[in-house]
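Good morning, everyone, and thank you for making time for this short talk. Please have the sequence and the picture in front of you while I speak.

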Amino acid sequence: MPAPRVPLEVHLDPLKPEEHALWERYLELVAAAGPSEMIVNKSRIAFKAPHRNFTGCFFKSRRLELFFDLPEPVPENARDDRFRAVWEHSRTIWVHRLKIEQVDELDDQLGRWLAASWSAYSKPPDQR
């Protein structure tokens with residue numbers, strides 16, 4: 001059963017200005033990745049490509065914690081200090097969790113990973 005939805009303000013109202021800046025930049029990257037549906041529940045904000053969620057986030061201790069999924073993991077030598085964890089969720093889903101503390105960490109490379117995630121999960125499972 002899906003988690004009950006809540007208003008977006010539950011997440012955004014407590015934020016400080018620098019956290020709002022993180023949110024706004026993350027939204028730009030998500031929008032550039034492709035059309036998605038925002039799904040807000042008590043624990044997180046997720047974005048759904050046509051066939052599954054491809055990214056999501058929550059705020060914790062003045063930072064943005066975000067995830068994105070890809071059919072293959074980002075190679076270890078391409079990961080940087082933003083990466084908290086990478087794990088295999090299933091045969092076609094690798095979860096990447098990042099910690100974002102500064103707006104400049106929401107860079108073009110992250111935008112490319114989000115676009116790749118949207119592209120993969122905008123297709124039905126048998127076409128990934």
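I will go through the sheet, then the helices that lie on it, and finally some aromatic rings.

Please keep in mind throughout that this is a predicted model.

Let me begin with the sheet, which is open and is made of six strands in the order 1-2-3-4-6-5, with antiparallel pairing. As a reminder for those new to this, strands of a sheet pair through backbone hydrogen bonds, and they may do so in a parallel or an antiparallel way. Now, which strands stand at the edges? They are strand 1, residues 37-40, and strand 5, residues 83-90, and because each of them has a single partner strand, one side of each is left without a neighbour in the sheet. From one strand to the next, the twist averages 20°.

If we walk through the pairs, strand 1 and strand 2, which covers residues 45-48, are joined antiparallel by four bridges, and here valine 40 stands opposite isoleucine 45. Isoleucine 45 also has a bridge partner in strand 3, namely cysteine 57, and strands 2 and 3 form a hairpin with four residues between them. Strand 3 is then joined to strand 4 by six bridges, again in the antiparallel sense, with glycine 56 having phenylalanine 67 of strand 4 as its bridge partner. The hairpin of strands 3 and 4 has two residues between the strands, and in it serine 61 takes a positive phi near 50°.

What packs on this sheet? Helix 2, residues 17-33, does so, touching strands 1, 2, 3, 4 and 6, and its direction makes about 180° with that of strand 3. Helix 3, residues 108-121, lies across strands 3, 4, 5 and 6, and runs at about 45° to strand 4. Strand 3, which both helices touch, is mostly covered, with six of its eight residues buried.

Finally, let us turn to the rings, where the count comes to five aromatic pairs. One of them is formed by phenylalanine 83 and tryptophan 113, an edge-to-face pair with 5.4 Å from centre to centre and 80° between the planes. Since phenylalanine 83 lies in strand 5 and tryptophan 113 in helix 3, this pair ties together parts that are 30 residues apart in sequence, and both residues are buried. Elsewhere, ring pairs link Trp23, Tyr26 and Phe47 into a cluster, while the charged end of arginine 52 sits over the ring of tyrosine 121, 5.1 Å from its centre.

Methods: Residues numbered from 1 in each chain as written. Predicted model: local features only at pLDDT ≥ 70, side-chain atom pairs only at ≥ 80, totals over all residues. Heavy atoms only, no water. Pairing = 2+ DSSP bridges. Axes fitted to C-alpha atoms, helices over the stretch in contact; angles between N-to-C directions. Contact = heavy atoms within 4.5 Å. Buried < 20%, exposed > 50% of the residue type's maximum accessible area, 1.4 Å probe, protein only. Phe/Tyr/Trp six-rings, centres within 6.5 Å; stacked < 30°, edge-to-face > 60°. Lys NZ or Arg CZ within 6 Å of the ring centre and 35° of its normal.
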